[in-house]
Amino acid sequence: MAGIKRKREADWCEVGSDILESIMRRLCFVDILRMKRACRWWFSVGESYTSSPSYRPCFQTPWLLIPPPEEEEEEDEDDDKGERKSIISLCFFNLDEKKPYRDVCLCREVYEGRCVGSSHGWLFLLDKTANLSLFNPFSGARIQVEGSLKEGRSEEEELFDVDSYTADGTKYKKYKGGRAFISKAILMMSDICKKKINKDKDGVVLIYRGGEKLAFCMFNDGRFMDLHGAHKSYNDVICYDNLVCAISQFYGFVEVWDFSTTGFSPSPTKVMDIRSCLPLKKAIEFQKSTRQVCCSYHSYLVESCGELLSIVRIVSEFMDVHVHENGKDNQPKKIRLYKTVMFYVYRVDLHHKILVEMESLGDQVLFLGGNNSISLRVQDCPGCIKDSIYFTDSYWERADEDDSYGGHDMGYYNLKDKCVKPFYDTLHRYKMKPTPFWVLPNPW
C-alpha cells in the first residue's frame with residue numbers, strides 16, 4: 001500500500017524551550033532533575049532554567065539521607081598507603097514515594113561519615129583537622145569555609161577542641177564522628193527566599209565542642225568568632241529575621257544576637273535572654289505522670305509562619321539485652337536504648353520575652369534532627385500528616401555510645417493524637433551509621 005503515509009512519531013528532543021520551561025514551572029526540583037536526564041537538550045534547558053534569576057523552586061517534602069534498607073559495602077581506596085577500606089553506601093529516602101534513591105551524587109566525605117548536618121540543601125562536611133566545607137548533592141557545587149576553628153585559640157583550647165573530638169573518634173571512645181565536635185551547623189543567608197548563597201553577605205553559624213560553644217564565620221571574612229552565651233550546653237541554633245537564636249538543652253533558655261545593624265558582619269549584639277522554666281516543668285510533669293524511670297530533654301528552634309517556635313523533645317532511656325550477630329560468640333550484652341515519647345511546642349514571644357504553649361501546629365509540618373529545623377505547609381509535603389513533627393535521631397552522646405545501636409530514634413509525632421508512629425522501619429537494623437537526617441533539595 002504505497003499510497004499510505006506513515007504518521008511521523010513525535011521527537012521529544014525537538015520540544016521548544018518555552019514549552020519545557022512552562023512544564024518545569026509546575027514541577028518540584030527533584031522532578032526537574034528527572035526531566036533533565038531525558039536527553040541533552042532537556043538537560044540544557046533545565047540547567048538554564050534553574051540557574052536563571054527568576055527561578056523559584058517549589059516547596060517539597062525533605063528527603064532523608066540514610067543507609068539503604070540492606071547494608072551494602074563497597075571497596076574504595078582510602079589512604080596514602082594504598083590500603084582499601086570498606087565504606088557504607090548511602091541513599092535518599094523519599095517520604096512521598098516511600099522508596100530510596102541511590103542515583104544522587106554524593107562525595108567521599110559523606111560516605112565516610114564526616115557529614116555534620118544540612119541547611120537549605122547543603123551538607124556540612126568536617127575533615128580531621130577541623131576544616132569545614134559545604135557540598136550540594138543535587139548540583140554538585142562545593143564551598144570551602146576558609147575560617148578554621150583552630151585559629152586564635154590557645155594550645156590548650158586547640159588540643160581539647162580538635163584532638164579530643166577527632167573526626168574518626170580514635171581518642172575518646174564515647175564520641176565517634178564529627179558530630180561530637182560540631183553538633184549543629186547552619187547557613188546564615190541574607191536572602192532566604194532565593195535560597196542561593198551570597199558569599200559577600202552570607203556565612204555559617206554552628207554549635208561545637210560538645211554543645212559548649214557557639215561560633216560564626218562570614219564567607220568574605222574567613223574567621224570564626226565565638227558568640228559568648230550564658231546557657232550552655234546548646235541544642236539548636238537558627239537564623240530568624242536578622243537574628244541568630246540559640247536554645248539550651250536542659251532548660252530551654254533562648255538567647256538572641258542581632259546582626260541587622262551590620263548585615264551579618266563580625267560584630268553582633270546580644271539583645272535578648274529568655275529564661276523560662278516552663279519547658280522543663282512540663283517535661284518533669286510528664287516524666288512523673290508516666291513513671292518514666294529516665295528521660296532526657298532536647299530543645300529545637302524553628303521558624304513557622306513568621307513566628308519563632310521552641311520545641312521540647314522528651315526521650316525515654318532504658319536498658320535492654322541485645323545479641324549482636326557480629327559480637328564475640330554472639331553473647332548477649334546490655335545496652336542503653338532510647339526512644340522519643342513526647343513533644344511540647346511553644347511560641348517564643350520576643351516582645352514580652354516569654355514562651356507560650358501551643359496545642360496545635362495547624363496545617364504545618366516540622367522536620368527536626370541534625371538538620372536546619374524546617375517548617376512547611378502540609379500541602380507542600382505530599383506523604384506527610386498535618387500538625388505533626390517528623391524527627392530523626394539527634395541524641396549524639398547515645399547514638400555514638402555503642403557499636404550495635406544508635407540512629408534508630410526516628411518517626412513522627414502528631415500533636416492531636418499525642419503518639420509517635422514510624423515512617424521508616426528500623427526495628428531490624430543494627431547501627432544506623434551515619435545517623436540519618438533531613439535534606440531539603442536545592443538546585444544551588
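# Guided tour of a predicted model

Start by selecting C305, which is exposed at a relative accessible area of 64%; exposed means over 50%, buried under 20% and partly exposed in between, with a 1.4 Å probe and protein chains only. This is a predicted model, in which local features need pLDDT of at least 70 and side-chain atom pairs count only at pLDDT 80 or more, while totals for chains, interfaces and linings use all residues. Residues are numbered from 1 along each chain as its sequence is written, and side-chain values use heavy atoms, with hydrogens and water left out.

**Whole chain**

Colour by secondary structure. The protein chain has seven helices and 27 strands; these are DSSP runs numbered from the N terminus, helices being H or I with at least four residues and strands being E with at least two. Of its 444 residues, 54% count as buried. Contacts are heavy atoms within 4.5 Å. Among contacts in the chain with a separation of 6 or more, 55% are between residues 24 or more positions apart.

**Cysteines**

Now select the cysteines. How many disulfides does a search of the whole structure find? The search finds zero, a disulfide being a pair of cysteine sulfur atoms within 2.5 Å.

Go to C13, in the segment before α1 (17-24). C13 is partly exposed, with a relative accessible area of 41%. Leaving aside residues up to four places away in sequence, C13 touches C39, W41 and W42. The C-alpha atoms of C13 and C39 are 6.9 Å apart, with the two positions 26 residues apart along the chain counted as their separation.

Next select C277, in the loop between β17 (269-274) and α6 (278-290). Its relative accessibility is 35%, so C277 counts as partly exposed. Add L355 to the selection: C277 and L355 are 78 residues apart in sequence, and 9.3 Å apart from C-alpha to C-alpha. Then compare C217, which counts as buried at 1% relative accessibility.

**Nonpolar cores**

Select C245, L308, I311, I314, L350 and I389. In the largest nonpolar core, of 38 residues, these touch the most other members. A nonpolar core is a set of buried Ala, Val, Leu, Ile, Met, Phe, Trp, Tyr and Cys residues joined through side-chain atoms within 4.5 Å. Strand β20 (residues 333-349) gives the largest share of this core, seven residues.

Centre the view on L350. Not counting residues up to four places away in sequence, L350 touches Y240, L243, V256, M272, I274 and L308. Another core lies apart from the largest one; this other core has 27 residues, including V15, W42, L90 and Y101.

**The five-stranded sheet**

Move on to residues 364-368, which are strand β22. The open sheet here has five strands in the order β23-β22-β24-β25-β26, with mixed pairing; two strands pair if DSSP finds at least two bridges between them. β23 (374-377) and β26 (419-421) are the edge strands, each with a single partner, so one side of each has no neighbour in the sheet. On average, neighbouring strands are turned by 25 degrees against each other, direction ignored; the axes are lines fitted to C-alpha atoms, and angles run from 0 to 180 degrees between N-to-C directions.

β22 runs parallel to β24 (residues 388-391), joined by four bridges. β22 and β23 pair in the antiparallel sense, also over four bridges. Select F367 to see both pairings: its bridge partner in β24 is Y390, and in β23 it is I374. The hairpin of β22 and β23 has five residues between the strands, and G369 takes a positive phi near 150 degrees there.

**Aromatic pairs**

Show the rings of Phe, Tyr and Trp. Which residues form one aromatic cluster with F367 and Y390? The others are Y412, F423 and W438.

A search of the whole structure finds 13 aromatic pairs; rings pair if their centres lie within 6.5 Å, using the six-membered ring of Trp, and planes under 30 degrees apart count as stacked, over 60 as edge-to-face and the rest as tilted. F92 and F138 make a tilted pair, 5.4 Å centre to centre with 35 degrees between the planes. F92 is in strand β4 (residues 91-94) and F138 in the loop between β8 (132-135) and β9 (142-144), so the pair ties together parts 46 residues apart in sequence. Both F92 and F138 are buried.

End at F423 and W438, a tilted pair at 5.4 Å centre to centre and 40 degrees between the planes. F423 is buried at 10% relative accessibility, and W438 is buried at 0%.
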